[in-house]
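Please open the model in a viewer and keep the sequence panel at hand. The stops below proceed by selection, each followed by what is to be found there.

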Amino acid sequence: MQVVVDPQSLGEILKGRHDVGFVPTMGALHGGHRALITQARRECATVVVSIFVNPLQFGAGEDLDRYPRSPVADRELCRAAGVDVLFCPTADVLIPRGTPTQVVPPPEMTEVLCGRSRPGHFTGVATIVVVLLHLIRPRVLYLGQKDGQQVAILRRVCSDLHLGVEVRVCPTQRLPSGLALSSRNRYLAEAEGAIAAEIYGGLRAAQHLFDVGTMEALPLIEAVRAHIVQFPQLVLEYIALVDAPSLRPLARVSSSPDALAMLAIAAKIGLTRLIDNLLLTHGNPTQTHSRH
Ligand code: AMP
């Protein structure tokens, strides 16, 4: 595995390589990242992982300064998972002027769900991911369904800018408790981790209703809420049912096998903000998923 910090060396290493799979991350790697890398390893000749704690996607008062960092363990995970190139640029190199030219995704996708409480977040994400895509020129970009809004927005950005990259989405990796793996889980005390798993408990309650035929948004959302309110340490930010590719709000899950709905949630436990989601569809979720 080659570890590079500057774009020039990266360019030299990747010269002539056309079958590149790219996994962008912010480090503090865990099994969710490993699943993306493993899929890329299976599907591409060269696997590139980036680790960059992107200052553009943190708002004032968010956790940029205390965001978990574990460079030694990250390197080891990448090496063991068969990564070819680990790109770890510093902010000075990647965005030398601090505020770069920005990629601004459509506001109807960035001002909903997490965008309501994190203004500018998805512009920061899109800007850096497009910079990285230009440097790496991958054939496939690997993203995790855990960040469902990010998936929808980056698909849209790649399509609108004709970047010619294929976007593939890996299912959310979870602890046995159901808690979605996340770098921010490192903030949680053990007791908080058990309570945080009830976020997925709420989603599962809605999944059960959906499985027995409920398609309307209101009872599905209410099922999540009724579960979550049993745990006063969980402070709900939102629960919403949206069309997964466009993020438009839905009144009900469509019965069309082509439609893909996302039931998305954000909640805080203490200072830690966690997100999760479920895909609801009457089609084959993996097939429907890969089409959008
Ligand atoms: P991050 O380092 O949090 O920016 O995440 C980097 C990539 O890993 C993103 O595409 C995330 O959606 C993905 N990811 C994070 N957590 C998980 C998870 N639990 N399961 C699958 N993918 C994940």
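Begin by selecting Gly21 and Val140: Gly21 stands opposite Val140, which belongs to strand β5. Strands (E, at least two residues) and helices (H or I, at least four residues) are DSSP runs, numbered from the N terminus. The model is a predicted one, in which local features need pLDDT of at least 70 and side-chain atom pairs count only at pLDDT 80 or more, while totals for chains, interfaces and linings use all residues. Residues are numbered from 1 along each chain as its sequence is written, and side-chain values use heavy atoms, with hydrogens and water left out.

Next, select strand β2 (residues 20–25), which runs parallel to β5 and is joined to it by 2 bridges; two strands pair if DSSP finds at least two bridges between them. Here Phe22 stands opposite Leu141 of β5. Turn then to strand β6 (residues 166–170), which pairs with β5 in the parallel sense over 5 bridges. Within β6, Val167 is the bridge partner of Leu141. Between β5 and β6 the chain passes through helix α8 (residues 148–160), in a right-handed β-α-β crossover (with the strands pointing away from the viewer, the path from the first strand over the helix to the second runs clockwise).

Now colour β5 (residues 140–144) by accessibility. Because 5 of its 5 residues are buried, β5 is largely enclosed by the rest of the structure; buried means under 20% relative accessible area, with a 1.4 Å probe and protein chains only. Val140, Tyr142 and Gly144 cover one side, and Leu141 and Leu143 the other.

Display the whole sheet: it is open, has 6 strands with parallel pairing, and follows the order β1-β4-β3-β2-β5-β6. Its edge strands, β1 (2–4) and β6, each pair on one side only. From one strand to the next, the twist averages 25°.

Add helix α1 (residues 7–14), which packs on the sheet and touches β1, β3 (46–51) and β4 (85–87), its direction making about 160° with that of β4. Contact means heavy atoms within 4.5 Å. Axes are lines fitted to C-alpha atoms, for helices over the stretch in contact, and angles run from 0 to 180 degrees between N-to-C directions. Helix α2 (residues 31–43) lies across β2, β3, β5 and β6, at about 155° to β5.

Finally, select helices α10 (residues 198–211) and α11 (residues 217–228), which pack at an angle of about 145° with their axes 8 Å apart. Residues that meet there include Leu203 and Phe210 in α10 and Leu220 and Ile228 in α11.

Note on methods:
Buried means under 20% relative accessible area, exposed over 50%, partly exposed in between (1.4 Å probe, protein chains only).
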